[in-house]
Amino acid sequence: MAKFSPDEYRHESNAVSLLNYHFVFIPKRRKKVLVGAVAERLQQIICELVVENRWKIIAMEIMPDEVYLGLDSLIDCNFKNIIWQKSN
């Protein structure tokens with residue numbers, strides 16, 4: 001994956017933006033379920049969504065009981081759409 005600076009502006013045809021989000025996902029009761037194949041599949045899903053929606057990953061760390069995710073998104077995408085993207 002290409003190196004990306006979180007202070008880098010995104011230049012689109014009609015807009016210049018710098019829209020970064022920081023998400024923390026925690027399994028119910030902080031169970032340590034994000035290990036092995038589950039963690040690998042979660043990383044695959046996140047990367048697929050990033051490519052599909054033209055987001056950029058600033059930081060991603062998957063630990064057994066939590067996920068930290070920093071995203072840079074386009075100006076027309078709000079955080080509600082990002083969170084609920086895969087649940088439909």
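Arg30 is partly exposed, with a relative accessible area of 38%. I begin with this residue in what is, I should say at once, a predicted model. Arg30 pairs with Glu66 in a salt bridge, and the closest N and O atoms of the two are 2.6 Å apart. Where do Glu66 and Arg30 lie? Glu66 belongs to strand S5, whereas Arg30 sits in the loop between strand S3 (19-25) and H1, so their pairing ties together parts that are 36 residues apart in sequence. Glu66, for its part, has a relative accessible area of 11% and is therefore buried, as the cut-off for that word is under 20%. Asp65 also enters here: Arg30, Asp65 and Glu66 are joined into one network by salt bridges that share partners.

Let me now widen the view. How many salt bridges does a search of the whole structure find? The search finds five. As a general point, side chains of opposite charge can pair when their charged atoms come close.

A second pair to follow on the structure is Arg10 and Asp72. These two form a salt bridge whose closest N and O atoms are 3.1 Å apart. Here the link runs between distant parts of the chain, with Arg10 in strand S1 (residues 10-11) and Asp72 in strand S5 (residues 66-73), 62 residues apart. Are Arg10 and Asp72 buried or exposed? Both of them are buried.

The third pair is Glu12 with Arg54, a salt bridge in which the closest N and O atoms are 2.9 Å apart. Glu12 is in the loop between S1 and S2, and Arg54 is in the loop between helix H1 (36-53) and strand S4 (56-63), so this pair ties together parts that are 42 residues apart in sequence. Glu12 counts as partly exposed because its relative accessibility is 33%. Arg54 also counts as partly exposed, at 45% relative accessibility.

I close with Ser17, a residue of strand S2 (residues 16-17). Is Ser17 buried or exposed? Its relative accessible area is 8%, so Ser17 is buried. Which residues is Ser17 in contact with, leaving aside its neighbours within four places in sequence? They are Tyr9, Arg10, Ser73 and Ile75. One of these contacts, Arg10, brings us back to the salt bridge with Asp72 described earlier.

Note on methods:
Residues are numbered from 1 along each chain as its sequence is written. This is a predicted model: local features need pLDDT of at least 70, side-chain atom pairs count only at pLDDT 80 or more; totals for chains, interfaces and linings use all residues. Side-chain values use heavy atoms; hydrogens and water are left out. Helices (H or I, at least four residues) and strands (E, at least two) are DSSP runs, numbered from the N terminus. Buried means under 20% relative accessible area, exposed over 50%, partly exposed in between (1.4 Å probe, protein chains only). Contact means heavy atoms within 4.5 Å. A salt bridge is a side-chain nitrogen of Lys or Arg within 4 Å of a carboxyl oxygen of Asp or Glu.
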